[in-house]
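Please look at the model below and walk through it with me. We start with a single helix and work outwards.

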There are 2 protein chains.
Amino acid sequence: MTVTSAKGFVAAGVRAGIKKSGNLDLALVQNIGPLNSAAAVFTSNRCQANPIIWSKQVILDGQVSAIVLNSGGANCYTGPQGFQVTHATAEAVAERLGISSGDVLVCSTGLIGEQLDLAKLQTGVALAAEDLSASNGQLAAEAIMTTDSVSKTTVFSSPGGWTVGGMAKGAGMLAPGLATMLVVITTDAIATSEELDQALRAATRVTFDRLDSDGCMSTNDQVTLMASGASGIKPEFDELAAAIREVSQSLAMKLLSDAEGSSHDIAIRVSKAASEEDAVSVGRSVARNNLFKAAIYGNDPNWGRILAAVGVTDAAFDPYDIDVSINGVSVSRKGMPDQSRDLVDLTPRAVQIEIVLNAGSHEATVYTNDLTHEYVTENSDYSS
Amino acid sequence: MTVTSAKGFVAAGVRAGIKKSGNLDLALVQNIGPLNSAAAVFTSNRCQANPIIWSKQVILDGQVSAIVLNSGGANCYTGPQGFQVTHATAEAVAERLGISSGDVLVCSTGLIGEQLDLAKLQTGVALAAEDLSASNGQLAAEAIMTTDSVSKTTVFSSPGGWTVGGMAKGAGMLAPGLATMLVVITTDAIATSEELDQALRAATRVTFDRLDSDGCMSTNDQVTLMASGASGIKPEFDELAAAIREVSQSLAMKLLSDAEGSSHDIAIRVSKAASEEDAVSVGRSVARNNLFKAAIYGNDPNWGRILAAVGVTDAAFDPYDIDVSINGVSVSRKGMPDQSRDLVDLTPRAVQIEIVLNAGSHEATVYTNDLTHEYVTENSDYSS
């Protein structure tokens, strides 16, 4: 149940020797057709890694034959030398697979500001090209892991006979636009690159872009969608788009559950907003409030911190006509305490915050995690 | 060296029984004149506590005779009952001191969403009115402490024979506009309320508003400036404004050093910006980046996280023409690694980040703290 679940795709995950741990660190996914339509969305951070700069050019014509991904280094802020490494990696893949380097996407993840060792990447590409098979999708998913505690894969099988598969890595720096993640989604449905682009953007907007684990946006994020057409079936666009959205949401929830050091998965649902934008803006403000997140870690239903976070947004609302519930207990109504906060049980991992703005008819849910000792531990000792 | 250092002010700090700990929890500062000019700035959070709503009315005419402050409860989101408690507290002060309640500012700090006990406040006001003296300024500073580990006071003595004194509370939720703080500044200089307002706004803009300890903005912040004119001296406006700024900066740095659970004080100086606004926006983005803040806690000079935080702003810059130094070591220049990050010594408490945008001639410094285990501990167990 991963990128090779869709027909027309082969994959590999190998040890290139980039990671000091000696773990799998290079993944290769090839689309063997008959189609090679593709679409991708990239981080909106203005500081972009070399593989992002490269991949943005590759995707312009909507045609992709392979994607190579390495963990163990972000290749970001590494200057012209870093860009040459990205370019040479694509060339190595092209040469091994007999394709054009202009059809090879590159993704990297890891520490910013360190040069990658090109020789190791080339060795890895050679190994991966040898290993490509429809049964190695799981190894590819493992090779892109960084601080992830588990590999993340998913599959959607249409009763109509076509399939969407996916893999993702990410366990921190999860913030919209995109979160810190590398995602590869494959399908054997027949689709044009325009259709894929439209379906992918619609899906990421309401899935990956609504994850906000720690408010930190990465320099390397990329979500790629490739179609082989190998099923021979062309689904209705809406059907395909729904499948892409379902796969995206499934992977997004796996990223959320594995966020660094978290002990609660928090869904913040904002309803009766004047616009969807307002609902998202309020949800994000709460999701990024360290005081709120630390309180949830301490199983402390400190709802004043929720309202204080709502109050810094410019969403439409009357501060004294907002209702807040935590795990089903109405703790505040119309600017006053309602039921006792002592009734709230925060021991389960899943936490549901409901914020009713009473200003309209729109809604959105933003997902985040609590702020824990383990988060601080993991992130205070990453590069060293 | 506190609010009673300026002539014409008396103060008290007493136990009203609001805090469970039994510590001092109510402060009263009276301006005995001859002038009673005043100015105040308030939180920009749209969710405002009852004392803020009250005090905004009181300050309209620029005349203030006394300010009463309680710790142990924020009186925020407590509805009409909460507002009545604020009003009645001002009335109690007015009655005891023989002044108008319309000249009494009220401040509260503590947990949001709990009613304050009016009888305790009234008892506290009675005790404080009895205790008012020019030698009790330090007790007032202690009575406004919440999670503060030390009381914060300061004084500026002009060679011209006039004085500015101040006290502050705040140890978390430090974010601009204002940070979570209650501040009272007094002066025996002669000044109109218009002059005080202009001087105070100019000072807070570049001092308290550039503190960003955890990005969380409070519902109760208030900075108050009162002038008694008791020195008989009217300084030049610029001289007075400079003194107010100096006292504000001194108190701001004390707030920074005492921020909850911090182990580093971080100054983020952004220079060669296209505008001061750009410089502040870049500084704040870095100051709010949990990954950067956790890295500093771990003495890890992970400069990629600084650039990733710069990249999410809309300030004017070329991502590949930014220079970054940490504690004097140039770790990145023009989008490439410069000196080895291993040269950076992050063991001292003071950390200096220099970000050169190479886009103009403006600069600003934003102050923050690291994200520590102790921060999480303190803030995961506050209301319970």
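This is a predicted model.

**A helix wrapped by its surroundings**

Start with helix α8 of chain B. Eight of its eight residues are buried, so α8(B) is largely enclosed by the rest of the structure. Those buried residues are N290(B), L291(B), F292(B), K293(B), A294(B), A295(B), I296(B) and Y297(B). What do they pack against? Within chain B, the partners are β10, α7, α9, β14 and β15. Chain A adds one element, α10 (373-379). Just after α8(B) comes N299(B), with a positive phi of about 55°.

**Where the chains meet**

Helix α8(B) leads us to the interface. Here 48 residues of chain B are in contact with 48 residues of chain A. On the chain B side, α8 (290-297), α9 (303-310), β13 (336-337) and α10 (373-379) each supply at least two residues. By class, that side has 23 nonpolar, 21 polar and four charged residues.

How do the two copies relate? A turn of 180° and a shift of 0.0 Å along the axis lay chain B on chain A with an RMSD of 0.0 Å. The copies are thus related as by a two-fold rotation axis. In chain B, the residue that comes closest to this axis is H373(B), at 2.7 Å (C-alpha). Of the interface residues of chain B, 100% are also interface residues in chain A, so the copies meet through the same surface.

**A sheet in chain A**

Now turn to chain A. Six strands form an open sheet with mixed pairing, in the order β13-β12-β11-β14-β10-β15. The edge strands are β13 (336-337) and β15 (362-369), each pairing on one side only. Strand β10(A), residues 265-273, pairs with β15(A) in the antiparallel sense over seven bridges. In this pair, V270(A) stands opposite A364(A). Helix α7(A), residues 276-287, lies across β10, β14 and β15 of chain A. The helix runs at about 20° to β15(A).

**The core**

Nonpolar side chains tend to be buried together in soluble globular proteins. The largest nonpolar core in this model has 256 residues. L28(A), I244(A), L28(B) and I244(B) touch the most other members. Leaving out residues up to four places away in sequence, L28(B) touches nine residues, among them A11(B), V68(B), V93(B) and L132(B).

A27(A) sits in strand β2 (residues 26-31) of chain A. Is A27(A) buried or exposed? With 32 C-beta neighbours inside 10 Å, A27(A) counts as buried. Its contacts beyond four places in sequence include G13(A), L69(A) and I144(A). G13(A) is 14 residues away along the chain, yet the two C-alpha atoms are separated by 4.4 Å.

**Unusual backbone spots**

Two cis peptide bonds come next. One joins G33(A) and P34(A), with omega about 15°. The other runs from G33(B) to P34(B), with omega near 20°. P34(A) is in the loop between β2 and β3 of chain A, and P34(B) is in the loop between β2 and β3 of chain B.

Two residues in loops of chain B have a positive phi without being glycine.

| Residue | Phi | Loop in chain B | C-beta neighbours inside 10 Å |
|---|---|---|---|
| Y77(B) | about 55° | between β4 and α2 | 27 |
| N358(B) | about 50° | between β14 and β15 | 15 |

With those counts, Y77(B) is buried, whereas N358(B) is partly exposed.

Conventions. Residues are numbered from 1 along each chain as its sequence is written. Chains are lettered from A and ligands numbered from 1 in the order in which they are written. This is a predicted model: local features need pLDDT of at least 70, side-chain atom pairs count only at pLDDT 80 or more; totals for chains, interfaces and linings use all residues. Two strands pair if DSSP finds at least two bridges between them. Helices (H or I, at least four residues) and strands (E, at least two) are DSSP runs, numbered from the N terminus. Two residues are in contact if their C-beta atoms, placed from the backbone, lie within 7 Å. Axes are lines fitted to C-alpha atoms, for helices over the stretch in contact, and angles run from 0 to 180 degrees between N-to-C directions. Copies are superposed by least squares on the C-alpha atoms of residues with pLDDT of at least 70 in both. Ala, Val, Leu, Ile, Met, Phe, Trp, Tyr, Cys and Pro count as nonpolar, Asp, Glu, Lys and Arg as charged, and the others, Gly among them, as polar. A residue is buried if 20 or more other C-beta atoms lie within 10 Å of its own, exposed if 12 or fewer, and partly exposed in between; C-beta atoms are placed from the backbone. A nonpolar core is a set of buried Ala, Val, Leu, Ile, Met, Phe, Trp, Tyr and Cys residues joined through C-beta atoms within 7 Å.
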